[in-house]
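The following exercises ask the reader to work through one protein model step by step. Please keep the sequence and the structure in view while reading each solution.

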Amino acid sequence: MVTRREAGVLRPAAFSTAAAEPGISPVPSSVRDALADPHWRRAMEEEYTALLANQTWDLVPPPPGGNVVTGKWIWTHKRRADGTLDRYKARWVLRGFTQRPGVDYDETFSPVVKPATVRTVLSLALSRSWPVHQLDVKNAFLHGILTETVYCSQPAGFVDPTRPDMVCRLNKSLYGLKQAPRAWYSRFATFLVTLGFTEAKSDTSLFIYRHGDEMAYLLLYDIVLTASSPSLLQRIITSLQQEFAMKDLGVLHHFLGVTVEPRPSGLLLHRRRYTLDIPERAGMANCNPRSTPVDTRAKLSEDAGPPLADPTAYRSLAGRTSHMRFSVSVFICMIPGSRTSPPEASPPLPSGHRGLRPLSHRSSSAELVVYTDAGRAGCRTLVGPRPATPSSRAATLSLGRPSGGRSSLAPAEAEYRAVANGVARLRLRQLLAELHGPLAKSTLVYRDNVGAVYLSTNPVQHRRTKHVEIDLHFVRDRVAIGDVRVLHVPTTSRLADIFTKGLPSRSSPSSVPASTSRVARVESAGGVTP
């Protein structure tokens with residue numbers, strides 16, 4: 001393994017911009033500086049008082065030969081959705097990398113809610129006119145109960161003067177511990193079960209409550225709660241507040257970095273602040289806008305030349321853009337070697353910058369429709385309802401020779417694999433059934449390749465398909481039981497094109513009417529806002 005320092009690639013130092021803001025204390029660089037500032041000292045005192053009130057630890061003599069985890073203070077400015085300062089936040093965080101496996105931690109996995117689950121729950125809540133609230137647990141990880149014996153040092157600046165040589169034996173979890181997310185999830189999930197909630201099998205971060213005609217859904221991470229009636233919603237919130245230090249933040253407005261704005265047609269989900277920060281970091285805040293996310297003709301290749309000497313900025317741009325709207329996901333697939341070594345000869349940064357120029361609304365449809373597409377040496381894709389679970393990824397063909405469109409067998413596998421990938425992601429059917437909203441009709445999977453449609457319904461085997469793995473033929477099983485119908489769709493109506501190729505805008509010349517039609521159809525589906 002070659003480190004960044006050995007390769008001569010150093011990450012640029014990030015400096016806080018808070019010092020330039022009048023009336024706002026900058027983030028301190030040491031405990032001494034923090035204690036000297038009244039704002040940060042008050043924040044540290046509040047954190048320390050909360051830890052003591054929670055009975056987080058007991059002071060004990062250092063264990064002979066035991067491992068004592070060290071910690072540090074983290075300071076940050078908590079801001080509102082509009083960017084203004086909300087409060088000063090200080091947190092005592094343990095250095096998890098000083099823990100020893102098998103000594104003070106074992107299992108660390110904790111479920112994280114899936115984006116498709118969030119979109120589906122919000123869509124159902126909107127269609128049923130349910131209230132949606134956001135809840136916040138103060139110092140959530142501190143509520144987790146540890147099953148291991150963990151020792152840590154006393155918080156810097158708040159060492160007990162009567163027992164300075166003692167260490168903290170933890171009773172509750174602390175931020176920074178490797179098992180902290182798991183401990184918090186276990187504690188909260190256990191309490192939800194006592195309230196009558198059940199854990200969804202399709203997403204263990206989703207909890208479902210049903211008693212008679214009353215129903216409620218709770219998403220665990222940034223806690224989002226929706227219920228069939230305001231009275232049920234309030235009863236659940238009251239029960240949670242009796243167990244945890246929880247605050248009702250009101251109607252959902254911001255979660256997981258996503259801003260939620262109510263609109264007449266539903267909810268607008270966007271990441272405006274995050275998106276505006278990307279061109280700032282790329283040094284292109286004053287650039288001219290473009291009408292399309294990617295170049296409609298550019299084909300980048302990893303073989304275009306030697307790799308960039310310093311790909312740090314390139315990788316950072318690719319990584320941050322991957323968290324943006326799914327309509328620019330083709331831009332991520334088109335970037336060659338974005339995670340390894342981008343070529344110097346190809347224009348990675350200009351193409352990357354273009355992808356920065358470019359939210360989802362309610363639909364009354366109760367059907368689940370999938371559009372798939374496979375570009376040769378490109379991406380295979382999926383679009384779900386409204387769309388709920390978009391996906392775009394580089395295709396990997398399991399052939400005995402290099403892929404990239406040179407093999408006559410590659411198109412056959414790529415087309416059928418795209419259908420299989422779309423069908424495999426149809427866990428939304430199970431999710432909707434668990435949410436007590438099962439689909440009455442088969443899921444329609446649209447594909448513009450006739451061969452792939454035939455393969456999904458007929459046991460055809462010949463020299464162009466004999467290399468396809470047996471496990472891909474599970475599509476036929478789903479078709480046989482009626483869960484899925486694979487249908488042919490004309491190229492002019494294939495919405496998934498936006499995931500595999502650069503499409504022109506509606507104002508493009510008439511020489512490309514099919515592409516223009518596809519863009520218009522995707523926009524009408526709520527997938528793109530140019």
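**Exercise 1. A salt bridge between two helices**

With which residue does Glu 243 form a salt bridge, and how far apart are the closest N and O atoms?

*Solution.* The model is a predicted one, and side-chain atom pairs are counted only at pLDDT 80 or more.

Step 1. The partner of Glu 243 is Arg 187, and the closest N and O atoms are 2.6 Å apart. A salt bridge requires a distance within 4 Å, so the pair qualifies.

Step 2. The two residues come from distant parts of the chain: Glu 243 belongs to helix H6 (residues 230–243) and Arg 187 to helix H5 (residues 180–194), with their positions 56 residues apart.

Step 3. Residues are called partly exposed when their relative accessible area lies between the cut-off for buried, under 20%, and the cut-off for exposed, over 50%. Glu 243 has 33% and is therefore partly exposed. Arg 187 has 21%, so it is also counted as partly exposed.

**Exercise 2. Two further salt bridges**

Determine where the partners of the pairs Arg 235–Glu 214 and Glu 45–Arg 41 are located.

*Solution.* Step 1. A search of the whole structure finds 5 salt bridges.

Step 2. The side chains of Arg 235 and Glu 214 meet at 3.0 Å, N to O. This pair links distant parts of the chain, since Arg 235 lies in helix H6 and Glu 214 in strand E10, 21 residues apart. Arg 235 has a relative accessible area of 40% and is partly exposed; Glu 214, at 23%, is partly exposed.

Step 3. For Glu 45 and Arg 41, the N to O distance is 3.3 Å. Here both residues lie in helix H3 (residues 38–53), 4 residues apart, which is about one turn of the helix. Glu 45 is partly exposed at 35%, and Arg 41 is partly exposed at 36%.

**Exercise 3. A parallel sheet**

In what order do the 3 strands of the open parallel sheet stand, and which strands are at its edges?

*Solution.* Step 1. In general, the strands of a sheet pair through backbone hydrogen bonds, either parallel or antiparallel.

Step 2. The order is E16-E19-E20, and the pairing is parallel. Strand E16 (369–371) and strand E20 (484–488) stand at the edges; each has a single partner strand, so one side of each lacks a neighbour in the sheet. From one strand to the next, the twist averages 25°.

Step 3. E16 is joined to strand E19 (residues 443–447) by 3 bridges. Within this sheet, Tyr 371 stands opposite Tyr 446 in E19.

Step 4. Helix H13 (residues 450–457) packs on the sheet and touches E19 and E20; its direction makes about 155° with that of E20.

**Exercise 4. Two hairpins and a surface patch**

Describe how strands E13, E14 and E15 are connected, and find the nonpolar patch that includes Leu 256.

*Solution.* Step 1. Strand E13 (residues 254–255) pairs with strand E14 (residues 258–263) in the antiparallel sense over 2 bridges. His 254 stands opposite Thr 259 in E14.

Step 2. E13 and E14 form a hairpin with 2 residues between them, and Leu 256 in the turn has a positive phi of about 50°.

Step 3. E14 is also joined to strand E15 (residues 266–270), by 5 bridges in the antiparallel sense. Val 260 stands opposite Leu 269 in E15, and E14 and E15 form a hairpin with 2 residues between them.

Step 4. Leu 256 forms a nonpolar surface patch with Val 112 and Tyr 221, and together they have about 290 Å² of accessible area. Tyr 221 lies in the loop between strand E10 (214–219) and strand E11 (223–227).

**Exercise 5. The surroundings of one residue**

Is Ala 90 buried or exposed?

*Solution.* Step 1. Ala 90 is found in strand E4 (residues 85–94).

Step 2. The relative accessible area of Ala 90 is 1%, so Ala 90 is buried. Of the 530 residues of the protein, 46% count as buried.

Step 3. Apart from neighbours within four places in sequence, Ala 90 is in contact with several residues, including Ala 43, Met 44, Glu 47 and Trp 73.

Conventions:
Residues numbered from 1 in each chain as written. Predicted model: local features only at pLDDT ≥ 70, side-chain atom pairs only at ≥ 80, totals over all residues. Heavy atoms only, no water. Patch = residues over 30% accessible without salt bridge, like charges linked within 9 Å, V, L, I, M, F, W, Y side chains within 5 Å. Areas by Shrake-Rupley, 256 points an atom, 1.4 Å probe, with all protein chains shown as cover. Pairing = 2+ DSSP bridges. Axes fitted to C-alpha atoms, helices over the stretch in contact; angles between N-to-C directions. Contact = heavy atoms within 4.5 Å. Buried < 20%, exposed > 50% of the residue type's maximum accessible area, 1.4 Å probe, protein only.
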